[in-house]
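Let's take a walk through a protein model and see how some of its parts fit together. Keep the picture open while you read, and look up each residue as it comes along.

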Amino acid sequence: MLYLDHAATSPVRPEVLDAMRPYLTGVFGNPSSHHTAGEAAASALDDARVRVARVLGLRTGDVVFTAGGTEANNLAVKGITLAALETGKRHLVISPIEHESILESAAYLRRFHGVEVTMLPVDDAGRIAPDALASAIRDDTALISVGHANNEVGTVQDATALASVARASRVPLHLDAVQSAGWLPLAGLGADAVSIAGHKLGAPKGIGALAVRGRIPLEPVLHGGGQERGRRSGTENVAGAVALATALEVAESEREVLAPRVAATTARFISLVLSGIPEASLTGDPANRLPGTASFTFAGTSGESVLLELERRGIISSSGSACAAGSDDPSHVLLACGVPPGVAQTSVRFTFGREALPDGAPERLAELVTNSVHAARG
């Protein structure tokens with residue numbers, strides 16, 4: 001079986017398991033406890049925070065550990081916007097291609113707090129123009145929140161240009177870097193807040209982080225004992241934090257070598273699929289995309305039928321975001337990019353991991369995809 005759904009989740013790396021094991025066994029103390037066992041856990045948590053901050057290019061105190069990317073995005077969008085309400089700022093800027101955790105957080109703020117939400121336009125590749133962002137910003141804008149790289153089509157935004165616009169207007173910029181972490185450099189982009197998730201990097205599910213600059217007011221979403229400097233209450237997941245730091249460091253150390261290699265494999269696969277299946281259309285930016293993401297529509301087929309045929313042939317892939325699994329609705333990302341609903345429902349996404357594939361793998365995979373599309377068409 002060939003697993004090509006790494007955008008949904010990735011396997012836990014052996015070195016990550018080794019790093020976190022002591023904090024699941026002998027060093028199990030509560031890091032808030034004032035005794036030897038608690039202090040040992042607190043020391044590991046502090047070290048993990050330092051390591052995550054270093055890769056993200058932010059300060060150690062900026063890092064807030066969460067239960068994953070969805071919580072990190074909720075904390076960023078809700079926490080920063082709610083804090084800004086006290087200063088009279090009640091305007092939020094996002095785009096229509098964001099992850100559901102961003103879209104639903106914005107919807108909550110609109111319904112229950114009267115926040116006005118502006119949706120930035122995107123082009124047919126899912127790109128946000130800096131000029132469009134500049135035009136959307138108002139005097140009462142509390143936050144701009146955009147995905148660094150899209151989880152469905154892989155389009156990478158020009159984060160540096162967007163950050164420059166935000167900085168000129170003195171509006172905080174939050175980047176959802178759940179998909180880009182480990183594939184793209186994150187330090188120096190100029191964002192004020194960055195979300196990441198461990199299970200996209202080779203850490204277990206259930207750990208993530210929001211790094212938010214200390215000067216940005218942040219209203220907690222979870223209330224309780226005041227852990228994480230009062231920004232996120234709840235007993236910290238020490239083993240998870242160690243796992244996240246280890247996975248992030250390993251991915252960053254490999255990135256400059258692995259990202260171009262995976263990108264070359266993906267590009268070869270895309271070329272073969274497009275040349276072998278006349279009805280195939282690549283979605284997302286053909287150039288500025290995540291190294292391992294190849295997303296297509298196959299007009300005249302059923303995307304779900306193609307997925308079933310692929311799995312019969314030993315290929316695991318998906319039709320888009322795992323967070324929207326079970327929905328028959330066409331992808332909101334593709335609709336925002338101007339893809340007709342009927343065509344959007346034929347989408348299939350392949351996301352490669354960091355492991356090396358054997359020679360000839362793109363050719364063999366493209367052949368299996370072609371056969372699966374033909375079989376799905378009947």
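What follows is a short tour of helices, salt bridges and a few loop residues.

## Before we start

One thing to keep in mind is that this is a predicted model. Every number below was computed from that model.

## Two helices that cross

Let's begin with helix α7, which runs over residues 238–276, and helix α11, which covers residues 361–377. Their axes come within 9 Å and cross at roughly 35°. The crossing of α7 past α11 is right-handed.

Which residues of α7 and α11 make the contact? On the α7 side you'll find Thr-265, Arg-268, Phe-269, Leu-272, Val-273 and Gly-276. On the α11 side there are Pro-362, Glu-363, Leu-365, Ala-366, Val-369 and Thr-370. Sort the residues of this contact by class and you get seven nonpolar, three polar and two charged ones.

## A helix with a buried side

Now find helix α6, residues 159–168. Its buried residues are Ala-159, Leu-162, Ala-163, Val-165 and Ala-166. These residues are on the same side of α6, because they cover an arc of only 160° around the axis. As a rule, an α-helix has 3.6 residues a turn, so residues three or four places apart point the same way.

What covers the buried residues of α6? The cover includes α5 (130–136), β5 (141–147) and β6 (173–176). Turn to the face of α6 that points away from the buried side, and you meet the exposed residues Arg-167 and Ala-168.

## Salt bridges

Side chains of opposite charge can pair when their charged atoms come close. How many salt bridges does the structure hold? There are 21.

Take Arg-54 and Glu-249, whose side chains meet in a salt bridge at 3.8 Å, N to O. This pair links distant parts of the chain: Arg-54 sits in helix α2 (residues 36–56) and Glu-249 in helix α7, 195 residues apart. Arg-54 counts as exposed, with 56% relative accessibility, while Glu-249 is partly exposed at 26%. The two also belong to a network of salt bridges that links Asp-47, Arg-51, Arg-54 and Glu-249.

Another pair on α7 is Glu-252 with Arg-255, where the closest N and O atoms are 2.9 Å apart. Glu-252 and Arg-255 are three residues apart in the helix, so about one helical turn separates them. Glu-252 is partly exposed, with 26% relative accessibility, whereas Arg-255 is buried, with a relative accessible area of 12%. Then there's Arg-138, which forms a salt bridge with Asp-140, and here the closest N and O atoms are 2.9 Å apart. Is Asp-140 buried or exposed? It counts as buried, because its relative accessibility is 19% and the cut-off for buried is under 20%. Its partner Arg-138 is partly exposed, at 30%.

## Two loop residues and their neighbours

Asp-5 lies in the loop between β1 (2–3) and α1. With a relative accessible area of 10%, Asp-5 is buried. Leaving out residues up to four places away in sequence, Asp-5 touches Ile-316, Ser-317, Ser-318, Arg-349 and Thr-351. Asp-5 and Ile-315 are 310 residues apart along the chain, and their C-alpha atoms are separated by 9.5 Å.

Asn-30 lies in the loop between α1 (14–20) and α2. Asn-30 is partly exposed, at 27% relative accessible area. Again leaving out residues up to four places away in sequence, Asn-30 touches Gly-38, Ala-41 and Thr-235. As for His-332, it is 302 residues from Asn-30 in sequence and 42 Å away in space, C-alpha to C-alpha.

## Positive phi in two arginines

Let's finish with two backbone angles. Arg-170 follows α6 and lies in the loop between α6 and β6. Its phi is near 60°, a positive value in a residue other than glycine. Arg-170 is exposed, with a relative accessible area of 75%.

Arg-229 is found in the loop between β8 (208–212) and α7. Where does its phi fall? Arg-229 has a positive phi of about 55°, although it is not a glycine. Arg-229 counts as exposed, at 70% relative accessibility.

How values were computed. Residues are numbered from 1 along each chain as its sequence is written. This is a predicted model: local features need pLDDT of at least 70, side-chain atom pairs count only at pLDDT 80 or more; totals for chains, interfaces and linings use all residues. Side-chain values use heavy atoms; hydrogens and water are left out. Axes are lines fitted to C-alpha atoms, for helices over the stretch in contact, and angles run from 0 to 180 degrees between N-to-C directions. Helices (H or I, at least four residues) and strands (E, at least two) are DSSP runs, numbered from the N terminus. A crossing is left-handed if the near helix is turned anticlockwise from the far one by less than a right angle, and right-handed if clockwise. Contact means heavy atoms within 4.5 Å. Ala, Val, Leu, Ile, Met, Phe, Trp, Tyr, Cys and Pro count as nonpolar, Asp, Glu, Lys and Arg as charged, and the others, Gly among them, as polar. Buried means under 20% relative accessible area, exposed over 50%, partly exposed in between (1.4 Å probe, protein chains only). The arc is that of the directions from the helix axis to the C-beta atoms. A salt bridge is a side-chain nitrogen of Lys or Arg within 4 Å of a carboxyl oxygen of Asp or Glu.
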